[in-house]
Amino acid sequence: MNHYDVIIIGGGITGTAIAHELSKYKLTVALLERGSDIGIGATKGNGGVVHPGYDPTPGSLKAKINVKGANAYPQLAKELNFGLINPGIFVLGFNEADRAVLRHKLDNGKKNGVRDLAIIDAQTIHAREPHLSAEARFALHAPTATVVDPFEVAIAFAENATENGVAILTGQPVTAIEKTANGFVITTARAQFSCGYIVNAAGNHADDVAKLAGIAEYTIKPRHGDLLVFDKDMANKPQTVMFPCPGPDTKGIACIPTVHGNTLVGSTATMKDDKEAVNNYAPGIQALLDGAKKILPQLDESRIIRSFAGLRPVVLDYNNDFFIAESVTVKGFIHAAGIQSPGIASAPAIAETVRDLLDNAGLRILPKGDYNPYRQKKTVFAKLGIGQQDALIQKNPAYGRIVCRCETVTEGEIVDAIHGAIPAHTLDAIKRRTRAGMGRCQGGFCQYKLIAILARELGLSADAICLEDAGSQLLCGAVKGGAK
Ligand SMILES: Cc1cc2nc3c(=O)[nH]c(=O)nc-3n(C[C@H](O)[C@H](O)[C@H](O)COP(=O)(O)OP(=O)(O)OC[C@H]3O[C@@H](n4cnc5c(N)ncnc54)[C@H](O)[C@@H]3O)c2cc1C
């Protein structure tokens, strides 16, 4: 049985950020993720806005962690080589009642330490956003707000953590936890591990995982949200993240420019019972369209290329705050739970908070001399100049074969992803790393090629290749008596 100082359960943005943080120290660390890849819970179903921190109630844990986490992003993006844009946020006001709410948010933000917030006038917002509704009269402007691709960040955290010695193990659903004299024994569907400390970052299942260790300190329910993706070539695209004036429980439906040049519209917010139900619902889609058109009245629905949904893990009766603490009943068991929005923005600071909790719980945390903060830049063929593309193709002709024509992704990049530091063994894992299948045709033209490449590289038959988790094969056999 392998022993680690710390085992993290859950490989979303929270778990991978913690793995990245702990990899800076002289510790043995493993991360156990139940899914076939990391970042496939709430981390793949959200808006990717690095909220600067004017929303959380001053004094709450979320307020402190949100601002600190958001401030860490620009430097992390440089070190870990992930995409980050800085469009800023407008929270739009349409009437005098909105002005009072926005003043309150401005005040919140200042108390929380958010830099450069201001309420700006109609002329300024319409000059930057010419397609914005004429009804918008002023806005709270948060110029420091950034946007990331959340699963790219989780992959970057995990790859760098691996580079620095952390074991990232996918396909390991934790099914039992036993407290021992010196720590814990964890059983997964495949193996057993022992460790001194557990960090529970299991998202919507954090309460279920805690129960395995005999802990019943909170209950989690998912808050469902629908989102829409618009094509890159959409006319009248927003340059700024634009939210309406928020209601008491929701930030409202926003128009969000993405790192890759698409526009997102999201999100709805509905409490659910089912922790796996990431379906889209018609009323939700309608609410998205109605909400977005209040901001961009000419929004072109024909440019929608995808809808998706995510589930925010909400700790019930906890004032919408994060639950990050050592268990009061089982020592050495740290909760990083209830990481609802803005969990992406907050992840770097959640990781530091968990490190300090482990320190307080008795773990010796000493910096590593040979920690490497940099993640190697991956080849993105579409972003190279013609000369560089040519040289690459001369070295390896696989970079000359375009597989995904919408996003110009080559076979070389797909093979790199399949054999990468956190290997991509499913279609969606390849999509998250390379964008093959993310474009206008959504895989209609390249999916069969990706299946063939995966099957060849992994030595499997095509009908064994999955979209995501086990059981999601796309093919069930040959037609017309053809060979497999
Ligand atoms: C619609 C929507 C919009 C959002 N927009 C934003 C935004 O714009 N900005 C922002 O900052 N935040 C946003 N969020 C919030 C953000 O997505 C979450 O806070 C964040 O992704 C939570 O990450 P996590 O790692 O805690 O959970 P998850 O990503 O869900 O990860 C938990 C992991 O634990 C694994 N797991 C569960 N049980 C087990 C087990 N027994 N054994 C092993 N592994 C297990 C799961 O498979 C999963 O991968 C949004 C969320 C939603 C749903």
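A salt bridge here is a side-chain nitrogen of Lys or Arg within 4 Å of a carboxyl oxygen of Asp or Glu. Keep that in mind for the first exercises. This is a predicted model, where local features need pLDDT of at least 70 and side-chain atom pairs count only at pLDDT 80 or more, while totals for chains, interfaces and linings use all residues. Residues are numbered from 1 along each chain as its sequence is written, and side-chain values use heavy atoms, with hydrogens and water left out.

**Exercise 1. Work out how Glu-96 and Arg-99 are placed relative to each other, and whether they are buried or exposed.**

Step 1. Start with the side chains: Glu-96 and Arg-99 meet in a salt bridge, 3.1 Å from N to O.

Step 2. Now find them in the chain. Both sit in helix 3 (residues 96–112), and because they are three residues apart, about one helical turn separates them. Helices (H or I, at least four residues) and strands (E, at least two) are DSSP runs, numbered from the N terminus.

Step 3. Check the accessibility. Buried means under 20% relative accessible area, exposed means over 50%, and partly exposed is in between (1.4 Å probe, protein chains only). Glu-96 has 44%, so Glu-96 is partly exposed. Arg-99, with 22%, is partly exposed too.

**Exercise 2. Find out which parts of the chain are linked by the salt bridges of Arg-355 and Lys-68.**

Step 1. Take Arg-355. Its side chain meets that of Glu-21 in a salt bridge, at 2.9 Å from N to O. This pair links distant parts of the chain: Arg-355 is in helix 8 (residues 343–360) and Glu-21 in helix 1 (residues 13–22), 334 residues apart. Both residues are buried.

Step 2. Move on to Lys-68, which has a salt bridge with Glu-352; their closest N and O atoms are 2.9 Å apart. Again distant parts of the chain are linked, with Lys-68 in helix 2 (residues 61–80) and Glu-352 in helix 8, 284 residues apart. Lys-68 is partly exposed at 46%, and Glu-352 is partly exposed at 23%.

Step 3. Zoom out. The structure holds 28 salt bridges. There is also a network of them linking Asp-37, Lys-44, Arg-432, Arg-433 and Glu-468.

**Exercise 3. Describe how helix 2 and helix 8 cross, and what kinds of residues make up their contact.**

Step 1. Know what to look for: two packed helices are described by the angle between their axes and the distance between the axes. Axes are lines fitted to C-alpha atoms, for helices over the stretch in contact, and angles run from 0 to 180 degrees between N-to-C directions.

Step 2. Read off the values. The axes of helix 2 and helix 8 come within 6 Å and cross at roughly 100°. That makes helix 2 roughly perpendicular to helix 8. (Angles under 35 degrees count as roughly parallel, over 145 as roughly antiparallel, 65 to 115 as roughly perpendicular and the rest as oblique.)

Step 3. Look at who touches whom, contact being heavy atoms within 4.5 Å. The helix 2 side includes Ile-65, Lys-68 and Tyr-73, and the helix 8 side includes Ile-344, Pro-348 and Glu-352.

Step 4. Sort by class: the contact has 11 nonpolar, four polar and two charged residues. Ala, Val, Leu, Ile, Met, Phe, Trp, Tyr, Cys and Pro count as nonpolar, Asp, Glu, Lys and Arg as charged, and the others, Gly among them, as polar.

**Exercise 4. Do the same for helix 10 and helix 12, then see how covered helix 10 is.**

Step 1. The axes of helix 10 (residues 411–418) and helix 12 (residues 447–458) come within 11 Å, crossing at roughly 50°. That makes helix 10 oblique to helix 12.

Step 2. The contact residues are seven nonpolar, no polar and three charged. Among them are Ile-414 and Val-415 in helix 10, and Leu-450 and Ile-453 in helix 12.

Step 3. Seven of the eight residues of helix 10 are buried, so-called "mostly covered". The cover includes strand 21 (402–404), strand 22 (409–410), helix 11 (427–434) and helix 12.

**Exercise 5. Is Thr-16 buried or exposed, and what does it touch?**

Step 1. Thr-16 lies in helix 1, where 10 of 10 residues are buried.

Step 2. Thr-16 itself is buried, at 0% relative accessible area.

Step 3. Leaving aside neighbours within four places in sequence, Thr-16 is in contact with Gly-11, Leu-31, Ile-38, Ala-154, Phe-157 and Ala-158.
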